[in-house]
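I opened the model to look up a few residues by their contacts, their burial and their backbone angles. My entries follow.

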Amino acid sequence: MSNGKIRDFDEITSFLGDYGLFQILIMVLLSVSTMPAGYMGVIVVFVSDTPEHYCRSPNSSSRNGTEWEQENGFHDRGSWMGPGSCSRYKLNENWTEKAAGFNDTEQCLDGWVFSTDKYTATIVSEWDLVCDNAWKVPFSTSFYFVGALIGSFISGHLSDRFGRKPVFFFTMILQTVTALIQVTSVSWVMFTILNCLRGLGQISNFIASLVLGSEMLSKSARVTYILLGHSLGFGFGYALLPVFAYFIRGWRMLLVAAALPGFLFIPTWCLIPESPRWLLQKGRVEEAELVIRKAAKWNRVPAPEVIFRAGDCLELMQNKDEEEQTYTYMDLMRTHNIRNITILGVFIWISVAMVYYGLSLNSSNLHGNIYLNCFISAAIDIVVYVATWLLIDRAPRPTLIFTTLMFCGIMLLVIKLVPEDMPIMVQVLALVGKTGVSAAYCFIYLFFTELMPTVVRNMGLGICATAARIGAIICPYLLYMGLYSKILPYIIFGTASIMAAAVSMLLPDTRNSKLPDLLIQTKHIRRFSCCSKEALSTRPDATEGFKEVNQSAIY
């Protein structure tokens, strides 16, 4: 090998610069592509919201009760209306007055009348998902996250095997087409099954765009892309949701409006290349060089005659024991270091996702206007993403995630001390606490992208995202428990946030580090950082890791 020096990928491609036309185009296209993911995950806030309702009159011919509402107003209770929304008073034979027993009630045998003050229709009003059927609402939401769980698990393997680019575009189409088919749902069962498929496409596309962009950019541009581009795209998509929902009050047309933007990204196939890191890892050196030369042409910088030397490529992406190896999820448990990172990641992602989606989906339960609450929640996320980007290189990674999660947990637990007659204070504390978990939620994508080596990066992020979906599946039921105890969800979310904060301090700091490519380049967790090199050398994987680090100056 010439010069006897092994060069890493960032060093080899440094002639491209950080923010040329190529990098800016990639960041813009992939960031904008995350906007549908931003609103698809929380569109359930409006699609599945439960309007005010009461039992329908036995002699009413109108399912929606619009005639009664127009003549008397929704809140003017008729003689048949019971003390609650799930029962009515028994009427006499002419269906006009209460029966002799004034307190005798019966179930809503003729259905319900739903208010149209906020919506023309939701899945709740269309399929009567109230009272005995109310459990179907959190179930359909959880089933969306079941699809996201499946997508997180399989997309990582598919992306590592077939490439980042094909998976990115396929899942974008899957998410878009599924949402359009969901508009034609004729039953709750059909809607729920398609909800699962839509969740599968959403998270798979989100992760694929994250990895694809990260592997094509230098460290400086990568941090900007993940925190300021990728996350802001997600945040702006979230912020557009209440705007669309305010003007489109029916759930079917709202889904149509949410799905159509996905088709706009199909033509970008010609502009977005495959990840050169992935191509090198697969031994497709000529294709990787072609991508880099195309980037150099767009950036108007000269490219070396030979970009990847044979020796560089062999040592860069493979070692003699891993040559042309096909990696599987079991490799995330192969060495001591990658196993620790994976286990800690699973716990942290479950907790962060559960708290983040729990607070986001809780917008409809907060005091005040649902559209304004949702927009404020999204605006908080956007501000937090920018603040996180500004702070990211000013503090160690574990310290930053610890601080944000601990702050969130404390704010949520303080809600326990707020009197019940102060709902606005509860709302303020919940939104302030959300700033912490929002920062952690966008930050963990960057953090674990830097922790996972290239050969298993997409699978590693897929496993973490799969774990996150477990937390997201749980959160609708925790919110449902709020019907019986309003404070209980906040206590659970606050406790989970504090526990995740404590665990995060075990993770190694990746600030100013280059992306690892091999399993042996994975950093050890912090409880080993005080050990001497000699003590670590008793472990074979640690010895190899030190050799690799010393040779390539990865850290």
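I looked first at the side chain of glutamine 182, which makes a polar contact with the side chain of asparagine 195 at 2.9 Å; a polar contact here is a pair of N or O atoms within 3.5 Å, where within protein one must be able to donate a hydrogen and the other to accept it, and residues adjacent in sequence count only if both atoms are side-chain atoms. The side chain of glutamine 182 also reaches the backbone oxygen of phenylalanine 191, at 3.1 Å.

I note that this is a predicted model, in which local features need pLDDT of at least 70 and side-chain atom pairs count only at pLDDT 80 or more, while totals for chains, interfaces and linings use all residues. Residues are numbered from 1 along each chain as its sequence is written, and side-chain values use heavy atoms, with hydrogens and water left out.

I then placed glutamine 182 in helix H8, residues 164-182 (helices are DSSP runs of H or I with at least four residues, numbered from the N terminus). Glutamine 182 is buried, with a relative accessible area of 0% (buried means under 20%, exposed over 50%, with a 1.4 Å probe and protein chains only).

I turned next to backbone angles. Aspartate 128, in the loop between helix H6 (123-127) and helix H7 (136-162), has a positive phi of about 55° although it is not a glycine, and aspartate 128 is buried at 13% relative accessible area. Arginine 300 has a phi near 60°, likewise positive in a residue other than glycine, and lies in the loop between helix H13 (285-299) and helix H14 (310-317); I recorded arginine 300 as exposed, at 78%.

Definitions and conventions. Helix = DSSP H or I, 4+ residues; strand = E, 2+ residues; numbered from the N terminus.
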